[in-house]
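Student: I am new to this structure and would like a close look at a single part, the interface between its domains. Please start with the overall picture and then go to that part.

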Amino acid sequence: MSEATPLADRWRAARPPVAGLHLDNAACSRQSFAVLQAAAQHALHEAEVGGYVAAEAAAPVLDAGRAAVATLCGSPDAEVVFTTGSLHALDLLLGSWPGERRRLACLPGEYGPNLAVMAAHGFDVRLLPTLDDGRLALDDAAFQLEEDPPDLVHLTPVASHRGTVQPLPMMAKLCAELGLPLVVDAAQALGQVDCAVAADVTYSSSRKWIAGPRGVGVLAVRPELMERLTPRLPPPGWAPTLSVAERLQFGEANIAARVGFSLAVGEHLACGPKLIRARLAELGGITRTLLADVDGWFVAEEVDEPSAITTLVAADGVDAAAVRAWLLTERRIVTTYASVERAPHELAAPVLRISPHVDTTAEELEVFAEALIAATAAS
């Protein structure tokens with residue numbers, strides 16, 4: 001891709017040098033110098049003028065961050081609430097969900113902690129039909145949802161344990177036709193695949209493909225649904241005019257992290273989301289091609305899956321946890337070990353996940369392939 005090298009060079013130059021090889025961006029990407037400086041400057045400003053005065057001064061930056069998130073979600077009018085992360089966003093949403101009925105449809109590969117939050121709020125979870133690779137079987141799902149509609153559809157376009165990209169645009173269209181609220185968990189999707197489908201709710205974290213700070217996330221809700229939510233905490237008597245969004249966001253917050261996230265979203269838009277998505281998909285294809293014939297492992301995704309994530313399923317006798325530890329301690333290569341708890345309805349055994357960002361080179365992926373062979377032999 002002709003523009004890949006300039007994008008990679010800009011991304012790399014904007015960040016501190018890597019201490020090794022970072023192939024764990026689906027867990028936590030590397031922040032830029034500008035994002036680090038923005039968060040630090042806000043913390044300094046708090047020390048100079050006080051936290052609340054500094055927060056007021058940061059309001060335009062935070063508003064710009066919310067607007068940028070709404071744009072990436074395809075809902076410019078969405079109300080965006082900052083959270084501490086994706087799981088917190090889902091907890092806020094389901095804890096405020098309107099009505100007495102609690103029926104939810106999601107994929108079998110749903111993230112384990114999400115399932116725990118759904119259960120904690122009394123939601124009856126029904127699994128949507130899928131193909132052999134875990135991808136949504138859209139026609140069968142359409143029949144199921146029309147025959148017995150749930151109160152909401154929860155879709156995770158890219159899962160925590162697999163790089164398969166779900167048909168988000170088609171699901172958004174289907175839910176709109178059926179009049180079903182669509183909630184999108186974009187923790188692994190935002191910044192990696194196109195999420196601009198105007199879902200009723202989109203939530204995500206900062207630290208993954210957007211490359212913002214840890215400990216911050218967002219919940220974007222279309223205004224008509226936001227007004228129907230009932231936050232668990234009633235409005236305080238001294239502030240009866242708080243909006244629903246303000247009530248959801250009420251409480252202590254790490255404003256410095258939110259400032260950093262807002263800047264990171266701006267950087268993402270400045271680089272060009274379409275260009276970033278294309279580069280990530282290209283790197284995913286390179287990774288899967290290189291690893292296809294490594295003994296002891298099976299690549300779960302198709303080579304041309306439009307995702308940067310490659311999932312390696314270990315053959316009998318290969319300890320994925322031991323391989324991940326060897327790669328880190330012996331070669332300083334960061335990857336993810338994903339246990340079955342990440343997707344208890346779908347994962348049969350732990351997997352190893354590799355997730356390069358746009359600054360990763362083909363040569364670095366070749367280094368990883370060689371290291372994986374050595375790590376597998378050592379395990």
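Tutor: The secondary structure of the protein comes to 13 helices and 13 strands, counted as DSSP runs numbered from the N terminus, with H or I over at least four residues for a helix and E over at least two for a strand. The radius of gyration, taken over C-alpha atoms, is 21 Å, close to the 21 Å that the globule rule (2.2 Å times the number of residues to the power 0.38) gives for 379 residues, so the protein is as compact as a globular protein of that length. This is a predicted model, in which local features need pLDDT of at least 70 and side-chain atom pairs count only at pLDDT 80 or more, while totals for chains, interfaces and linings use all residues. Residues are numbered from 1 along each chain as its sequence is written, and side-chain values use heavy atoms, with hydrogens and water left out.

Now to the interface itself. The domain assignment, which is automatic or taken from a database, gives domain 1 as 7-30 + 272-377 and domain 2 as 33-271, and the centres of the two, taken over C-alpha atoms, are separated by 26 Å. Where they meet, 39 residues of domain 1 are in contact (heavy atoms within 4.5 Å) with 36 residues of domain 2. The area buried between them, meaning the accessible area (1.4 Å probe) lost on being put together and summed over both parts, is about 3,000 Å², of which carbon and sulfur atoms give 56%.

Polar links also cross this interface: the rule finds 21 residue pairs in polar contact, both residues at pLDDT 80 or more, where a polar contact is a pair of N or O atoms within 3.5 Å, one able to donate a hydrogen and the other to accept it, and residues adjacent in sequence count only if both atoms are side-chain atoms. Two salt bridges (a side-chain nitrogen of Lys or Arg within 4 Å of a carboxyl oxygen of Asp or Glu) are found across it as well. On the side of domain 1 that touches domain 2, helix 1 (4-13), helix 11 (273-291) and strand 13 (351-354) each supply at least two residues, and helix 11 gives the most, with five. The residues of that side divide into 21 nonpolar, eight polar and 10 charged, where Ala, Val, Leu, Ile, Met, Phe, Trp, Tyr, Cys and Pro count as nonpolar, Asp, Glu, Lys and Arg as charged, and the others, Gly among them, as polar.

Terms used:
Buried area = accessible area lost by both parts, 1.4 Å probe.
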